[in-house]
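Work through the exercises below with the sequence and the model at hand. Each task is followed by a solution in steps.

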Amino acid sequence: MKYNSALNLGLLAAGALATEELTPEKLAADIHTDKLQNVLWNLNKIARDNGGNRAFGLPGYNASLDFVLERMQTRFAKHFDTFVQPFTHIFASTLDISLTGPDGEDVRVDTLQYNNPTDLPGGNTGELVALPVDDVRGSACFADQWEGVDVVGKIALIKRGTCAIADKLRLAKNNGAVAAVLIHNVPGDRITAATLSAQNVGQISPVGVVTLEQGTAWQERLAAGETLEVTLIVDAVAEPRETWQIIAETKEGDPNNVIMVGAHLDSVQQGPGINDDGSGTAAILELAGAIKKYKGFKNKVRFGFWGAEEGGIAGSQHYARTLSEEDADKLRFYFNFDMIGSPTPYFHVYADTEAHRAGGQYLFDYLTEQGHAPEWVNFATNSDYIGFLNIGVQASGLFTGSDFAQDPCYHIACDDIDNINWDALTVNAKAAAHAVAQLALSVEGLPPRETTNVNPQSKRGVARSLSQWARVASEAEHSASCGHAKATI
């Protein structure tokens, strides 16, 4: 990996000084589809040259860092202060997985990130026990759903859906199961990857994921009174690894009023991550390249190219958590762009409160003016806005959808250069530019950082309680204890 200290950035000057006054219209007009395509072509090639992915802890991610740094620290150096922030997170990989069915057959099985290992070399063998299917509450999500079901020394057969998979697997382990087989909840051969999160290493049952058709066939045989025995082998490793993320900030603007934009730079291990989240990366990289042309904006604009999002939203949480109170107060708004080019897109704008809408309204209005029909949606618990909401920074962002209907290649190998709706990506990137320019020029109307409650209440209320946020945030606790210096920009 190639990077230079921020102290040496002055030696890397490139390009002319900005001479033109910034306006939202000009900045949006500077975002071009062909340039977004160029960024994604490069990210796709990086994945293709590095085992098919750009996942944290692997060569494709380091090459992605180098690609962004070549622009931010070389081409754009005269206009930005850039630094590389290190942090440590648990890297996990499944080296091998296999499932032998009740008739001795090899069964197609998929793994999940942060899977726990079985006994080796022989794996874990046990009688299959089907947990009741509950598509409303979620199958095997709650302790009462396990009452009267004997899984001690056996393998739990569980349908995927509704609650976190790790919750199901924790209950399986706590009830004595030696492993679990997870039935995918969408028909067909496509099994979407997911993470079980670093915090669950050693805390949950090993698992293999089978298709809906395969799992349903086993459920029917069990219901008919058959006894089925299977063997699951999971050879998995988990270890701390140092990784990096990139923070860059405009030289122009008031350092006490900072508008921040972010997108995660890593992919899942199962694919190149061109929509998730090459699309967001391309948008903010092109936004950086465009804003450097301009002068006259009052507030600094900061860019975060986050690491290890797919490993548990680790990098952005580390960044937010290591900001001093003084520096956190300077963050006037955060925009998150994670999956903004889905093939059949929603046009979703995040906001839970009126404070969030104060910045998100610029995104919403631009999309409306361009003939789209944006919708306000609440924040979830699965992207890089979490760390900023946890420290009270007002936020918004764009999202085009990850369900099968919006992105049939979500978290699998076909999330490549052909998995992008270029019109959606372009208009969303232009919306980002327009909104950022508005706030770079003026933060009037933006409320200050919320310091009395780490998570403003939303209509989701109980579903997204403080304890839930604390659990998600704890995934990156290891990062916070690594002794790295606090971020200063």
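**Exercise 1. Which residues is Leu27 in contact with, leaving aside its neighbours within four places in sequence?**

Solution.
- Step 1. The model is a predicted one, and a contact is counted for heavy atoms within 4.5 Å.
- Step 2. With neighbours within four places left out, the contacts of Leu27 are Leu22, Leu287, Ala290, Ile291, Tyr294, Ala433 and Ala437.
- Step 3. Leu27 belongs to the largest nonpolar core, which has 65 residues. Leu27 is listed there among the residues with the most contacts inside the core, together with Met72, Phe303, Phe305, Phe335 and Phe337.
- Step 4. Helix H11 (residues 422-441) gives this core its largest share, 12 residues.
- Step 5. A separate second core has 31 residues, including Ile90, Val129, Leu131 and Leu196.
- Background: in soluble globular proteins, nonpolar side chains tend to be buried together.

**Exercise 2. Classify the ring pairs that Phe335 forms with Phe333 and with Phe337.**

Solution.
- Step 1. Two numbers are needed, since a pair of aromatic rings is described by the distance of the centres and the angle of the planes.
- Step 2. The model holds 14 aromatic pairs, counted with ring centres within 6.5 Å.
- Step 3. For Phe333 and Phe335 the centres are 4.9 Å apart and the planes make 55°, and this pair is tilted.
- Step 4. For Phe335 and Phe337 the centres are 6.2 Å apart and the planes are at 15°, so this pair is stacked; the cut-off for stacking is under 30 degrees.
- Step 5. Phe333 and Phe335 are both buried. The relative accessible area of Phe335 is 0%, and Phe337 is buried at 0% as well.
- Step 6. Elsewhere, Trp306, Tyr319, Tyr334 and Phe388 make up one aromatic cluster.
- Step 7. A charge is also placed over a ring: the charged end of Arg241 sits over Phe91, 3.7 Å from the ring centre.

**Exercise 3. Which strands pair with S11, and in what sense?**

Solution.
- Step 1. Strand S11 spans residues 299-306, and 8 of its 8 residues are buried.
- Step 2. Strand S8 (residues 229-250) pairs with S11 in the antiparallel sense, over 4 bridges. Within this pairing, take Ile247: its bridge partner in S11 is Gly304.
- Step 3. Strand S9 (residues 254-264) runs parallel to S11, and 8 bridges join the two. Opposite Met260 stands Arg302 of S11.
- Step 4. Lys251 is placed in the loop between S8 and S9. From Lys251 to Arg302 there are 51 residues in sequence and 9.7 Å in space, C-alpha to C-alpha.

**Exercise 4. Are Lys251 and Glu286 buried, partly exposed or exposed?**

Solution.
- Step 1. Lys251 has a relative accessible area of 37%. Buried means under 20% and exposed over 50%, so Lys251 is partly exposed.
- Step 2. Beyond its neighbours within four places, Lys251 touches Ala77, Lys78, His79, Phe80, Asp81 and Lys300 by the contact criterion.
- Step 3. Glu286, in helix H6 (residues 274-291), has a relative accessible area of 9% and is therefore buried.
- Step 4. With the same neighbours left out, the contacts of Glu286 are Ile31, Lys35, Leu36, Val39 and Arg71.

**Exercise 5. How many residues of helix H7 are buried?**

Solution.
- Step 1. Helix H7 covers residues 314-321, and 7 of its 8 residues are buried.
- Step 2. The buried ones are Ala314, Gly315, Ser316, Gln317, His318, Tyr319 and Ala320.
- Step 3. For the chain, 58% of the 489 residues are buried.

**Exercise 6. What is the average pLDDT of the chain, and where is the pLDDT below 50?**

Solution.
- Step 1. The average is 89, and 89% of the residues score at least 70.
- Step 2. Over residues 1-15 the pLDDT is below 50, and this stretch has 29 contacts beyond near neighbours in sequence.
- Step 3. Residues 454-489 are likewise below 50, with 80 such contacts in the model.
- Step 4. The chain has 13 helices and 15 strands. Of its contacts with a separation of 6 or more, 84% join residues 24 or more positions apart.

Technical notes:
Residues are numbered from 1 along each chain as its sequence is written. Side-chain values use heavy atoms; hydrogens and water are left out. Rings of Phe, Tyr and Trp (its six-membered ring) pair if their centres lie within 6.5 Å; planes under 30 degrees apart count as stacked, over 60 as edge-to-face and the rest as tilted. Buried means under 20% relative accessible area, exposed over 50%, partly exposed in between (1.4 Å probe, protein chains only). A charge sits over a ring if NZ of Lys or CZ of Arg is within 6 Å of the ring centre and within 35 degrees of the ring normal. Two strands pair if DSSP finds at least two bridges between them. pLDDT is the predictor's confidence in each residue, from 0 to 100. A nonpolar core is a set of buried Ala, Val, Leu, Ile, Met, Phe, Trp, Tyr and Cys residues joined through side-chain atoms within 4.5 Å.
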